[in-house]
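Student: I would like a close look at one part of this structure, and at what surrounds it. Please take me through it slowly, explaining each term as it comes up.

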Amino acid sequence: MGDNIGFIPLNEDTSENFTEKELPMPLPVLALRNAVLFPSVVMPITVGRDKSIKLIRESYSGSRLIGAVGQTDPKVEEPEYGDLFRIGTLARILKIFEMPDGAITVLLQGLQRFVVEEFARQDPFFAAYVKMLVDIEPPKSDKDFEAIVGAVKDSMSKMINFSSHLPPEASFAIKNIENNKLLINFISANIEFENHGDRQVLLELGDLKERALKLIEFLGREIQLMEIKNDIQQKVRSEMDQQQREYFLHQQIKTIQNELGNNSAEGEVERLTEKAASKRWPQYAKDTFEKELNKFEKMSPMGGEFSVQLNYLDILTDLPWDECSQDNLDLNRVKEVLDEDHFGLEEVKERILEYLSVIKLKGDLKSPIICLHGPPGVGKTSLGKSVARALDRTFGRISLGGLHDEAEIRGHRRTYIGAMPGRVIQTINRCKTSNPVIILDEIDKVGSDFKGDPSSALLEVLDPEQNSTFRDNYLDLDYDLSRVMFITTANRVDTIHPALRDRMEMINLSGYISQEKLEIAKKHLIPKALEAHGIKPKQLLFDESAIETIIDEYTHESGVRNLDKQIAKIMRNKAKALAFGEKFKRKITSSDVKKILGTPKVQKETIDSNNFVGVTTGLAWTESGGEILFVEASLSPGKGNLVITGNLGEVMKESAMIALEYIKAHASDLNIDEELFKSKNVHIHVPEGAIPKDGPSAGITMITSIASIFTQRKVKQGIAMTGEITLRGKVLPVGGVKEKILAAKRAGVTTIILSADNKKNMTEIKQEYLEGLVFKYVETMKEVLDLALEKVS
């Protein structure tokens, strides 16, 4: 290793002329990395390579004569023959200095140039057979040479004035060098030229006059570069060659940007090009990228559009485009995963398995758009995660609740400040594949205002015939969404845009019966809660009666979300006891539940309270599942007015009016004295007045209550009913039948009266939901009253 660390000028020429016979042959050769030794110049060299240290020590104890040859590439750590120049300088070792780090510094005196004719060996250090070269010196009477030497001195003085690296004393030292050969060689060795090989070029010139002229040329170029640097700093124009100036300016800018964090446009272009090289994407996307990249290259990093364009190119190269994960087509394993994560939900699981079966047979199929609708807490959102895990696909979730801006779906145009892609493209970008499972949560709660209608934007996303060319406003390119499996969730179907609803496969996830909740708690909720609270399964057990108590007395829901919260509350109580080292029973019983959770929060709905004339049990559907409701009717002296209370909506009020008019029209059939309609006011009330109620399904319940109060016939025990009525007394079908059946079972109902048109809905309901219930299907109100009211004694 050889690094120039300083120069010692002499006032006289110390070069010597040797013959080959006077030298040790083969001559030991020292490879210099960043230095070139010239005759007459004394130079300290730091030596660190093991080979070089051995060479110096052996030569110093012998003739002290070595050859100094420069490397063609200073970055090469272990040079070979081909890494060394062929012309070097014979040198004498004057002194060796031992350095603390184990390296040595050697003081070399340049003596005479030579050319390597043949390398003799490489180990333990370089040695070569050389031929000595004699410099051609002009005669002392050569006036041109004297002028050239003067020009060299002037150029060097000028360079010292410009340079911040050369001390002012160097100018004084140069003026005191009287020997022309020494002066030229000293300056040639002392200046660090822009190009690494310039000093070697000077060394290889045997004619001293030519060497001086070439030195003037190199010094002139260096002075020009320094002038440009000073011009930049002082903002003064110069007359330098434009090409050299631009080169230097670019180098300066690059250096400044690297210092500021390597955010140069050039560096970003290189990074983006590298990312794009390995990208699998459509040709149109590739063409757009190259076009936008060309625009980006011409932008100034200080401009406002620079970061906008960079962000766009980053998104283009980050998107997965044609990168898809491999579907797991082991259908038995998929079924196991779905069953493991969720209890029940057979229809959804069956649809997923059907989809995968077609892919397995055909190899390709557009992903279905499934809408899971039902009350909260039945597992709609978590089912999406299970589907993704079963298929070995990535999972993404987009919450649509309260969304009002169409740009959230389609993205913003790049002309806007802070523009970004829509949520669909952002989610795919996060998933890193083009075929993830994406949950569109709460699609029934999408709003619309002056910013647009997101539901309309979702039409393109959720249409299998259109979404293969979905165009995001920010990308302004077609993106294929047909490989994405979209699963939407909703609590209510009626608030979903009709055109949007038409594009989806609607699958109803109704609530769970108590037995199902019990199984879900044992198989899923309790193990998950134990793990979440750091309790080992052996440390805490739940008795079935304890779980049933939680379900019946502390939760009132179709799903299991509140059940999960109550179990977590018990877990926290026991985790605290464990942490404090307290003793407690491992098995949680019903009484333990009441101690921990306190007074039961839910009053169990039963039909015992309808053992009065004018009180009828109805069935209602709510967003949280099915409910039973009581319709109460009473008569009071008056003028035949109808009073309706209970926070009822317009549709329910109209049902009450229809019910009363039907009873009036059929008073003789029911043996009702028509004078009662004139002398009595009818009051219809639906309890729990703080809760808004609406819908037509309480129609037959209201007629039955009014008929009961006018005829003074009680409604038979264990009967509940639901159905819409007409003025002609026809009973129409209603929705939410499964949820209403579950509510009826919870309340102890034994007989349910339904419209005959609802009979077809029974085939979609599991048999275990229907056990213990008797269904009466009716077409007219006469049939309802005959079934519901007790016989006249």
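Tutor: The buried residues of helix H18 pack against helix H11 (331–341), strand E15 (541–542), helix H19 (544–554), helix H20 (561–579) and helix H26 (767–770), where contact means heavy atoms within 4.5 Å. Helices (H or I, at least four residues) and strands (E, at least two) are DSSP runs, numbered from the N terminus. This is a predicted model, in which local features need pLDDT of at least 70 and side-chain atom pairs count only at pLDDT 80 or more, while totals for chains, interfaces and linings use all residues. Residues are numbered from 1 along each chain as its sequence is written, and side-chain values use heavy atoms, with hydrogens and water left out.

The residues of H18 that are buried are Glu516, Lys517, Leu518, Ile520, Ala521, His524, Leu525, Ile526, Ala529 and Leu530; buried means under 20% relative accessible area, exposed means over 50%, and partly exposed lies in between, using a 1.4 Å probe and protein chains only. One of these, Ala521, is also the centre of a kink of about 50 degrees in H18, which spans residues 514–532. The bend at a residue is the angle between axes fitted to the seven residues ending there and the seven starting there. Just after H18 comes Gly534, which takes a positive phi of about 70 degrees.

From H18 we can step to one of its packing partners, H20, and pick out Gln566, which lies in that helix. Gln566 is buried, with a relative accessible area of 13%. Setting aside neighbours within four places in sequence, Gln566 is in contact with Ile550, Tyr554, Thr555 and Leu597. Leu597 is itself one of the buried residues of helix H21 (residues 590–597), together with Ser590, Asp592, Val593 and Ile596. Seen down the axis of H21, these buried residues fall within an arc of 155 degrees, so they line one face of the helix; the arc is that of the directions from the helix axis to the C-beta atoms. A general point helps here: an α-helix has 3.6 residues a turn, so residues three or four places apart point the same way. The cover over the buried residues of H21 includes H19, H20 and strand E16 (587–588), and after H21 comes Gly598, whose phi is positive, near 85 degrees.

On the other side of H18 in the sequence, we come to a sheet. It is an open sheet of 5 strands, in the order E9-E10-E13-E8-E14, with parallel pairing, and two strands pair if DSSP finds at least two bridges between them. Strand E9 (395–399) and strand E14 (505–508) stand at the edges with a single partner strand each, so one side of each is left without a neighbour in the sheet. On average, neighbouring strands are turned by 20 degrees against each other, direction ignored. Helix H13 (residues 380–391) packs on this sheet, touching E8, E9, strand E10 (437–441) and strand E13 (485–490), and its direction makes about 175 degrees with that of E10. Axes here are lines fitted to C-alpha atoms, for helices over the stretch in contact, and angles run from 0 to 180 degrees between N-to-C directions.

Within the sheet, strand E8 (residues 369–373) is joined to E14 by 4 bridges, and the two run parallel. E8 is also parallel to E13, to which 5 bridges join it. Cys371 of E8 shows both pairings, standing opposite Thr488 in E13 and having Met506 as its bridge partner in E14. Ile370 stands opposite Glu505, again in E14. E8 is mostly covered, with 5 of its 5 residues buried. Ile369, Cys371 and His373 point one way from the strand, whereas Ile370 and Leu372 point the other way. This is an example of a general rule. In a regular strand the side chains alternate between the two faces of the sheet.
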